[in-house]
Amino acid sequence: MKPNRIGPWIAIALGALYFLLPLIGTFEFSLRMRRGEYSFDAYQVVLADPRFQSSVAYSALLAVATIVIGILLILPTAYWIRLKLPRLAPVVEFITLMPLIIPPIVLVFGYLRFYNSSSFLPMTGNVRATDLLLTFGYVVLSLPYMYRAIDTGLRAIDVRTLTEAAESLGASRATILFRVILPNVRSAVLSGAFLTFAIVIGEFVLGSLLNRPVFASYMQLVGANRAYEPAALAIIAFVVTWGCMGLIQVFGRARYMARAEKG
Amino acid sequence: MPFLELQGITKAFGQQQVVRQMDLSIARGEFVSFLGPSGCGKTTTLRMVAGFERPTTGTVSIDGREVTDLRPNQRDIGMVFQSYALFPNMTVAGNIGFGLRVARRPAEEIRARVAEMLEIVKLPQHAGRYPYQLSGGQQQRVALARALAVRPKVLLLDEPLSALDAKIRVSLREEIRALQRDLGITTIYVTHDQEEALSMSDRIVVMSEGRVEQIGSPFEIYNYPRTRFVASFVGTLNLLEGRVLDPDSGRIAVDGQEIVSARGLAGSQAGETRVVALRPEALSLQNGHLDHNRLRGTIDEVSFLGSVVRVRVSLGGSAISLDMFNQASVPPPARGAPVTVSFAREDLVVLDRA
Ligand SMILES: Nc1ncnc2c1ncn2[C@@H]1O[C@H](COP(=O)(O)OP(=O)(O)O)[C@@H](O)[C@H]1O
Ligand SMILES: [Mg+2]
């Protein structure tokens, strides 16, 4: 009995060490900017750097835009497929997985080829247009996560009957989507949104190759030139990402509890 | 003039004919049930009235207006589903007021109407609850209130009580019927439960395999079924084959014994085989009136059902069941005993078709 128990614990401990040691090491290192004592100087430097502030603001703005466009695009699509074309669901699901299979670098070279300054739609020639292109790229990258999250939410409610009930009461399609369906998949949409946020904040390839000042580019820049600040940045990015994961957990739990109460 | 009219409705899903040639006129304020076994096309027909399915051929009219090409949200209907289909994110009051909000009624009117509907379905204390905090019966009442709040022209219910306990089912069906009478709303009620259909309806449409078998009042459907299907689906019925002796006087032979139908045998010829139906409660082991029909046989089986004793009598070739009231002073007959079954000439129903 006993060795059976010790085995898994050892595995867990090893896994935790593998995971936590670098993190602890990085954190410890990030505190050593001042000679002879621990301090948050590196964090102060980073947080006070205007390029940090602007890159975080820029990436956060793109993340929000990505989330809004993603929801407006994916929610009606997923809804329509559940409602009218359930047989197409596996096909669409496969298509939404493509961004996981095709590396972002392929995507970005495709963009550069199609939208370069001498193409029929020279989006890379103009800063705002490039921002737009970048946002669409992020929408594509977050597609697998957003679609899956929303589809899971739709699966948990009786989409067809709720739609018909609302329709018999005089509601139009848009009313049904925004006043009946969306509120009932809100937590699923939110978890998709937080995932998207985490992805966009950490994305490097698309942003740097399109030459836009995204947060990950700033991280890379600092990493190449400074000693302690990159460690502080890594910890900050880590906290942001895990903050998002925590929020997903919170909203996922809230939904679960509402269901448990019901059953 | 009919208030709701289906003309020449058919519906096919691919190769499968689900509804075949349906004609039906419903008067204003009438309560009509669609009764039939699962898969016979009741729901599909109802959904064509609601506008969720488009008929392959035929037209639907409501209140003198053809609505065949209108979307459900333009038809002025109220719909109640078996699964309640309440909006989980809205309170009871929110659910009931939804249709009025969609129609952009003034807030004050909505508040008053919601309060009125809550009163009508006897849930005034539950306005602020969410659907998951209610029992099934309460949820279905909210669904009913929600459908009626917008004052629809037609109320459509698809097996609204099927998911509920037997007791609540009975009390809620009485409530629905009383409410329907009070409001005078034209109603179609889909069910596979013959007791429900018989107890609630003004008229019943009995359906089988996409076809209308018979349309009539509960009394007509129960007492004078026209087809073997209706006879066997509505209640427990004895079906016997008889050879026509004399169509004019209504004489027919069952297992060689001559009996008479008071309603005659118009349309059939001597020597032809017809199916006749007898209800268990119409039969008696007493000799009865002089001009009663009599069939001799032997007791085959006796089952004690409490207040009623069901006796099966073998007539040689065929067998019939009859019900007699349990009396403590009269022990039930023994198996194998010879008996005579008697019944009034009016109770012998000759079916139109097999
Ligand atoms: N959307 C659909 N597509 C294909 N077949 C359907 C569809 N809806 C119903 N059917 C078929 O039509 C027949 C009648 O169904 P339905 O009207 O639901 O019967 P009922 O309500 O009497 O049980 C069934 O055989 C069912 O499988
Ligand atoms: Mg049905």
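**Entry 1: two helices of chain A**

At what angle do helix H5 and helix H6 of chain A pack, and how far apart are their axes? Before answering, I note that this is a predicted model. I looked up the pair: H5(A), residues 104-115, packs against H6(A), residues 127-155, at about 145°. Their axes are 11 Å apart, and the crossing is right-handed.

Next I listed who meets whom. From H5(A) come Pro104(A), Leu107(A), Tyr111(A) and Tyr115(A). On the H6(A) side they meet Leu133(A), Phe136(A), Gly137(A), Val140(A) and Leu141(A). Sorted by class, this contact has eight nonpolar residues, one polar residue and no charged ones.

**Entry 2: H6(A) again, now with H4(A)**

I stayed with H6(A) and turned to H4(A). The axes of these two helices come within 6 Å and cross at roughly 145°. Here H4(A) passes H6(A) in a left-handed crossing.

Which residues of H4(A) take part in the contact with H6(A)? I wrote down Val92(A), Glu93(A), Thr96(A), Leu97(A), Pro99(A) and Leu100(A). Their partners in H6(A) include Val140(A), Leu141(A), Pro144(A), Tyr147(A) and Arg148(A). I noticed that Val140(A) and Leu141(A) are also among the residues that meet H5(A). The contact of H4(A) with H6(A) divides into ten nonpolar, one polar and four charged residues.

Two of the names in that contact, Glu93(A) and Arg148(A), form a salt bridge, with their closest N and O atoms 3.9 Å apart. Glu93(A) sits in H4(A), residues 89-101, and Arg148(A) sits in H6(A), so the pair ties together parts that are 55 residues apart in sequence. Over all chains, the salt bridge count comes to 32.

**Entry 3: stepping back to chain A**

I wanted the wider view of this chain. Chain A has twelve helices and zero strands. Its C-alpha atoms fill a box of roughly 75 × 70 × 30 Å along the principal axes.

**Entry 4: where chain B touches chain A**

How many residues does each chain bring to the contact? I found 23 from chain B and 22 from chain A. Together the two chains bury about 1,900 Å², with 61% of it on carbon and sulfur atoms. Three residues stand out on the chain B side: Asn73(B), Phe98(B) and Tyr132(B) supply 28% of the area that chain B buries against chain A, more than any other three residues.

Then I checked the links across the interface. There are two salt bridges between chain B and chain A. One joins the side chains of Arg47(B) and Glu164(A), at 2.8 Å from N to O. Five residue pairs are in polar contact across this interface.

Which elements of chain B each supply at least two residues of the side that touches chain A? They are strand E6 (77-80), helix H2 (92-102) and helix H4 (136-149) of chain B. H2(B) gives the most, with four residues. By class, the residues on this side of chain B are 15 nonpolar, four polar and four charged.

**Entry 5: what I will remember**

For chain A, I keep H6(A) in mind, with a right-handed crossing to H5(A) and a left-handed one from H4(A). For the interface, I keep the salt bridge of Arg47(B) and Glu164(A) and the four residues from H2(B).

Note on methods:
Residues numbered from 1 in each chain as written. Chains lettered and ligands numbered in written order. Predicted model: local features only at pLDDT ≥ 70, side-chain atom pairs only at ≥ 80, totals over all residues. Heavy atoms only, no water. Contact = heavy atoms within 4.5 Å. Buried area = accessible area lost by both parts, 1.4 Å probe. Salt bridge = Lys/Arg side-chain N within 4 Å of Asp/Glu carboxyl O. Polar contact = N/O pair within 3.5 Å; in protein donor to acceptor, adjacent residues only side chain to side chain. Nonpolar A, V, L, I, M, F, W, Y, C, P; charged D, E, K, R; others polar. Axes fitted to C-alpha atoms, helices over the stretch in contact; angles between N-to-C directions. Left-handed = near helix turned anticlockwise from the far one by under 90°.
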